[in-house]
Amino acid sequence: MAGHEIAYSKDVLAWASSLTGGSNLRVVRLGSGRPVFKYEDEEKNSVIIKFYGEDGVEEAEEFRRMHKEFVSISMLRDSGLDRPPHRIVEAFGERADLGFGLAEEEVRGWQLSRLLIDAAKQGRDISRPVGAVGELLAKVHFARKGDSNWWVPDWKKRIKEALSPNKRVAELAGLAKQWVEYFPLPLPIVPLHGDPNPTNLIWEGDGITAIDLQMFHYGYPVEDLGEVAAELRHFFAQYAGNPWLSERYINLLYSRYSESSGLDFGVLTDFNPFYMGLWELAISSNPWLPPARRAWLVEEAERCWKYGLQRIGR
């Protein structure tokens, strides 16, 4: 049964009702990717259910993906990330028999993406939420590890995937090769959120909550930090026309992270350009971006990699 069909099935509605405590649920689909639905009762109690059953893979893999997110959330929350000001979304349960559904709370607040647009367009200060992101990631990265390391990325493969949509593969591949020579990095392997983009970080007014842990894995801390930094640069370039306005916030992100984690600010920022550039290449592959914006992201990634190599003495 397709995700959009099972989402309205009697069994799923009964499951959602048991979680909200109400009936006569209103059902709303969220986004256009994997089927994700919001179920809300007459008292505005709600639950979000994400269905992994339409991933186009074998059932064993659908179960693995669903269960990985559920276990990852549980591990992080058990490690103390279950309350403000830095927390992970709560997962209520998983049902392999119902479209491989994962039920989570609805986090009500402002997506960091919305705050970034306001900051870029209206000059609003977002130091508090950006600083809170650095503190949250430090707590995620040094949470108690689970029983198994889900996976550590093959960076040569990730680089190849990032470069493949671009016409300037040869030039960028040469720079990437120089970066790979530095692996392994002088940093610990830690649990990572895996996709801390601004839509997955919710500011609730007194703290930050991370949602969407489906890409949770293990790796270097600068992977998560580099994605946030790349998004900060991209948002200010797109909505303010000046990417350098992001610098104060990127510096704040890293300084707050360094203070919270105890990792050296200089070492972290030495390797930020590699991950920041890699994520800028990833952002550039989004087909809905205008061609000029995508081209700028590729150029910015190249500048980032060149600057970083100069910084570390290459």
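A residue counts as buried when its relative accessible area is under 20%. By that cut-off, 17 of the 20 residues of helix α8 are buried, so α8 is largely enclosed by the rest of the structure. The model is predicted. In the chain as a whole, 54% of the 314 residues count as buried.

**Overall fold**
- The chain contains 11 helices and 12 strands.
- Its radius of gyration is 20 Å, close to the 20 Å that the globule rule gives for 314 residues, so the chain is as compact as a globular protein of that length.
- Along the principal axes, the C-alpha atoms fill a box of roughly 60 × 40 × 40 Å.
- Among contacts with a separation of 6 or more, 69% come from residues 24 or more positions apart.

**Surface and charge**
- About 14200 Å² of the chain is exposed, and carbon and sulfur atoms supply 50% of that area.
- The chain carries 38 positive and 45 negative charges.
- The mean positions of these two sets of charges lie 5 Å apart.

**Helix α8**
- Helix α8 covers residues 221-240, which makes 20 residues.
- From first C-alpha to last, α8 reaches 29 Å, close to the 28 Å expected at 1.5 Å a residue.
- An α-helix has 3.6 residues a turn, so residues three or four places apart point the same way.
- In α8, 17 of the 20 residues are buried.
- Gly-241 follows just after α8 and takes a positive phi of about 70 degrees.

Technical notes: Residues are numbered from 1 along each chain as its sequence is written. This is a predicted model: local features need pLDDT of at least 70, side-chain atom pairs count only at pLDDT 80 or more; totals for chains, interfaces and linings use all residues. Side-chain values use heavy atoms; hydrogens and water are left out. Helices (H or I, at least four residues) and strands (E, at least two) are DSSP runs, numbered from the N terminus. The radius of gyration is taken over C-alpha atoms; the globule rule is 2.2 Å times the number of residues to the power 0.38. Buried means under 20% relative accessible area, exposed over 50%, partly exposed in between (1.4 Å probe, protein chains only). Contact means heavy atoms within 4.5 Å. Accessible areas come from the Shrake-Rupley method with a 1.4 Å probe; for residues, only the protein chains shown count as cover. Lys and Arg count as positive and Asp and Glu as negative; His and the chain ends are not counted. The place of a charge is taken as NZ of Lys, CZ of Arg, CG of Asp or CD of Glu. The expected span of a helix is 1.5 Å times one less than its number of residues.
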